Amino acid sequence: MFLWERACRPTSETMHDPGSQLPLPLKDPPQGPGDVADYQVDAPKQRTPTGSHEVPARSGGRIWPWLVVVAALLGCVYSALSTHSFIMRLDGQTHAVACAILPGDADQSTGCVTALLSPYSSVFRTSMWGGIPISLPSFGVFAFIAAFAAWVGLKKDRMRVDTGFLLLATLLPVGASAFFAYISATRLGEFCSTCVGIYIASGLGFIFALIAHIRTQRTPDGVGRWGRWFLWFFEGAAIVGTLVLLYIMLAPSDRESVARGCGELVKREDEAKILLKKRDSTEAVAGAAKVPALVVVDPLCPSCKGLDERLLASGLGARLDIDLLLFPLDSKCNWMVKSSPHPGACLVSEAMLCAPESAHRVLEYAYANQERLLELGKTNESALKADLEQKFPDVKGCVGSAAAKAKVNKSLRFAVANAMPVMTPQLFVAGSRICDEDTDLGLEFTLTRMLDRSSPVQ
Amino acid sequence: MGAMSYVSHLVPLALALAVPAVMVSGWLSDAEARLAVEEPRQSKAITATVAEEGYCTADLKRIVRRIAGACGLLGEQGRGCRPADATKVVSLQGEEFNALFLPLQDRVRIIQYDMGKSELDEGALRAVEEAWADRGGASFFFVVSRASPEGSTDKNRELSEARAKAVLDHLMKRFNDPDIERQVGLLWLGEEFAQLDDKFCDWKRSRTGEKCDANEINRSAFIAWIDCAI
């Protein structure tokens, strides 16, 4: 039978007799709600030198909360890196994205950029430019877990009520990690290294917290548990909430680009019939009038694919009546580029213009097979042409013809007539061009405002 | 939990709030400062324009502009320049006029005709279409037709005019493009001005591989897009 006793560092608050100055050995465990916190329960008891009391021993069990601290700090590092990368982009410029399991490592994988620019990287994107990065509350949660675990680790009288809450707290990042890992696998198709770092930190934190909890002996903790848990939950929520509030208050909000746009279409008439209708944009949305839009794309441009996905994910694409202007960044047909960032893009564009009814299918195919088609365009254009003709028989005999080349040329000239920048993608809403800095993180915010002030097509 | 215990509980929590708050505030402050001073991203991209190749010297552009205007390309006063007009407009000797086109060797296709004929054969049709499709960023398409010196001057003048118009007719029939009206300039020279020498046999011809001499090369239309912003 255990001899219940106060912690070996007695304080007045560990006693329920404020007047007493001496530790009082107790024969029975306390039953009151406030008592439970005052008793060390996990370590084996040892005889004191005097042999008169049992005191808690420093044991291997005490290390587990500290391992939770380490895991949580690791989570803090990855969350901070992700938050930093996100905030860097708030200036509207392109910056390198921290993307490595080992911080500082030069992993140049695209997964982190994909994740950062995806609509899953932040919330409330239509209300605030870029929204609130989800890595920010993650940073706060890990910081709270680290602090709480450190407190539990320091506590002489650690109890299951403490470790139980710690275990519950670590479940939050585990659940969030599972959700976002699923999103990465099913929606993004790739994983970002820093996100994986967060998943690992979450998993380790949970395992260590579980062990810490198991190693802490069961005690009757009564109704006090819920009161404490509520308090601690409130503390954690306060940390996360304060960080979010701070972010909302300090995030840059003075953005001229959103109000003024970046140019207008001056020649909208499509005399050469080279604008292609984006099929999903022609589908009616109940009760919604659409606003005319023009998207300048290169079918082999990864950023164009990204914009298409962001528009789709935002749901705002459904409010647009989208025409596509092909602008292949391939020197085979585009005299404005001296090299070919996207070799083969001229041929794919020809295929789209050869069969306007199938253009959306060609574009979807090109987006889905960009890397392979780019490689074919670079090494074997005949094979690329054969691939397109085999996949889309209605373009056979047209791709590579003078008429198809002339149509691509007309597309490029539409851009010249409107003095567009030589780049893709570009998005015009009701004739007004969304600035490039507003087409990634700020897309939903900017587009919502432009849609609100544009007259819809009835 | 007593007061001291709660204080020991709050200290790490305070750190958990303070450290991220300071970091995030600093990053946000930096982002706002950069946003205020950095140029918008789109200003770094060049603007889409028509082509302006290295061979577009001031002299060439001046001549092209004169021909384009006088031969009905830029205005509405009709299409095509006859030899007498060309001499006045160009103000150049025949050799100097031909020399203007030397830097365009990669762009030019020479459409060849049978003697006394203006019909386009299969190779000529293909060459005309290829030349038209190979527009790139060019603004003006020139058809400069000639006739070999056999026959009368008047007959050769008519023949070279028919040859130039055969190219234009095929373009209009094949491409049905309203831009053709605005962008194709015709200049027929008969046998009177700027005859080609047999060095032009080495250029891209619609009858590549067939016999070529000074007479053969002048039974032709010299077609090219000119990559100059006029």
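**Entry 1: sheet in chain A.** I looked up the strand order of the sheet in chain A and found an open sheet of five strands, β5-β7-β6-β8-β9, with mixed pairing. The model is a predicted one. I noted β5 (276–277) and β9 (432–433) of chain A as the edge strands, since each is listed as pairing on one side only. I then followed β5(A) to its neighbour: β5(A) pairs with strand β7 (residues 320–326) of chain A in the antiparallel sense, over two bridges. To place the register, I picked A:Leu276 and found A:Leu324 in β7(A) as its bridge partner.

**Entry 2: α10 and α14 of chain A.** I checked how helix α10 (residues 345–354) of chain A meets α14(A). The two axes come within 9 Å and cross at roughly 100°. Angles of 65 to 115 degrees count as roughly perpendicular, and α10(A) and α14(A) are therefore roughly perpendicular to each other. From α10(A), I wrote down A:Cys346, A:Ser349, A:Glu350, A:Leu353 and A:Cys354 as the contact residues. From α14(A), the contact residues are A:Ala404, A:Lys405, A:Lys407, A:Val408 and A:Ser411. Sorted by class, this contact has five nonpolar, two polar and three charged residues.

**Entry 3: domains of chain A.** I looked up the domain bounds next: domain 1 of chain A covers 61–250 and domain 2 covers 260–452. Their C-alpha centres lie 39 Å apart. The contact takes nine residues from domain 1 of chain A and 11 residues from domain 2 of chain A. On the domain 1 side, I recorded four nonpolar, three polar and two charged residues.

**Entry 4: α4 and α5 of chain A.** I turned to helix α4 (residues 160–188) and helix α5 (residues 193–215), both of chain A. Their axes come within 8 Å and cross at roughly 155°. An angle over 145 degrees counts as roughly antiparallel, and α4(A) and α5(A) are therefore roughly antiparallel to each other. I also noted the hand: α4(A) passes α5(A) in a left-handed crossing. The residues of this contact divide into 14 nonpolar, nine polar and one charged.

**Entry 5: chain A against chain B.** I asked how many residues of each chain are in contact with the other. The result is 52 residues of chain A and 45 residues of chain B. On the chain A side, the elements giving two or more residues are α1 (63–88), α3 (135–154), α6 (224–250) and α14 (402–417). Of these, α3(A) gives the most, with 10 residues. By class, I have 35 nonpolar, 10 polar and seven charged residues on the side of chain A that touches chain B. The helix α14(A) thus appears here as well as in Entry 2.

**Entry 6: sheet in chain B.** I found an open sheet of four strands in chain B, with the order β1-β4-β2-β3 and mixed pairing. Its edge strands are β1 (109–112) and β3 (184–188) of chain B. The twist averages 20° from one strand to the next. I traced β1(B) to strand β4 (residues 220–226) of chain B: the two pair in the antiparallel sense over four bridges. For B:Ile110, the bridge partner in β4(B) is B:Phe222.

**Entry 7: helices across that sheet.** I checked which strands the helices cover. Helix α5 (residues 122–133) of chain B lies across β1 and β4 of chain B, and runs at about 155° to β1(B). Helix α6 (residues 153–175) of chain B lies across β1, β2 (140–145), β3 and β4 of chain B, and runs at about 165° to β3(B).

Technical notes:
Residues numbered from 1 in each chain as written. Chains lettered and ligands numbered in written order. Predicted model: local features only at pLDDT ≥ 70, side-chain atom pairs only at ≥ 80, totals over all residues. Axes fitted to C-alpha atoms, helices over the stretch in contact; angles between N-to-C directions. Parallel < 35°, antiparallel > 145°, perpendicular 65-115°, else oblique. Left-handed = near helix turned anticlockwise from the far one by under 90°. Nonpolar A, V, L, I, M, F, W, Y, C, P; charged D, E, K, R; others polar. Contact = placed C-beta atoms within 7 Å. Pairing = 2+ DSSP bridges. Domains from an automatic or database assignment.
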